[in-house]
Amino acid sequence: MSPESFFDFQSVSEEAEELDFKKTVLCPHCKKPIPHEAIRCLYCGEEVVSVKKPAWVVWTAVLLVIIFVVFFVIFM
Ligand SMILES: [Zn+2]
């Protein structure tokens, strides 16, 4: 048997999509490079939320709310 018969050509052709690969980001799920504007990963099909707020923004907002509540409780 030749090695070609074992080669799965179909799985390779899936990766050769006509997309802009100049700017790529790594999929948070499978760590494969995908176009930065992609909404869904080409490889694992998971949604890629590229416009997600960084964790520090969320934690700063939470911290500000806690500080506000603490001040309100102390001075009222
Ligand atoms: Zn993926």
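**A walk through a predicted α-β-β-α chain**

The structure above is a predicted model, and its average pLDDT is 79, with 67% of the residues scoring at least 70. That confidence is not spread evenly along the chain: helix α1 (residues 9-13) has the lowest mean, 55, while α2 has the highest, 92. Please keep those two values in mind as you look around.

Let's begin with the overall layout. The protein chain has two helices and two strands, and following the sequence you meet them in the order α-β-β-α. Of its 76 residues, 3% count as buried. Contacts tell you about the fold as well: taking those between residues at least 6 apart in sequence, 5% join residues at least 24 apart.

Now turn to helix α2, which covers residues 55-75. Its 21 residues span 30 Å from the first C-alpha to the last, close to the 30 Å expected at 1.5 Å a residue. Because the number of buried residues in α2 is zero, this helix lies largely in the open.

Next, step back to the strands. Between β1 (24-26) and β2 (33-35) there is a loop, and Lys31 sits in it. Most residues other than glycine have a negative phi. Lys31 is not a glycine, yet its phi is positive, at about 60°. Lys31 has 9 C-beta neighbours inside 10 Å, so it counts as exposed.

The loop between β2 and α2 is a good place to pause, and Val48 is found there. Is Val48 buried or exposed? It counts as buried, because 21 C-beta neighbours lie inside 10 Å and the cut-off for buried is 20 or more. Which residues surround Val48, once neighbours within four places in sequence are left aside? Val48 is in contact with Cys27, Pro28, Ile34, Ala38, Ile39, Arg40 and Cys41. For Cys27, the C-alpha atom is 6.8 Å from that of Val48, although 21 residues separate the two along the chain.

Glu46 also belongs to the loop between β2 and α2, but its setting has another label. With 12 C-beta neighbours inside 10 Å, Glu46 counts as exposed, because the cut-off for that label is 12 or fewer. Not counting residues up to four places away in sequence, Glu46 touches His29 and Cys41. The C-alpha atoms of Glu46 and Pro28 are separated by 8.9 Å, with the two residues 18 apart along the chain. Cys41 is thus a contact of Glu46 and also of Val48.

How values were computed
Residues are numbered from 1 along each chain as its sequence is written. This is a predicted model: local features need pLDDT of at least 70, side-chain atom pairs count only at pLDDT 80 or more; totals for chains, interfaces and linings use all residues. Helices (H or I, at least four residues) and strands (E, at least two) are DSSP runs, numbered from the N terminus. The expected span of a helix is 1.5 Å times one less than its number of residues. Two residues are in contact if their C-beta atoms, placed from the backbone, lie within 7 Å. pLDDT is the predictor's confidence in each residue, from 0 to 100.
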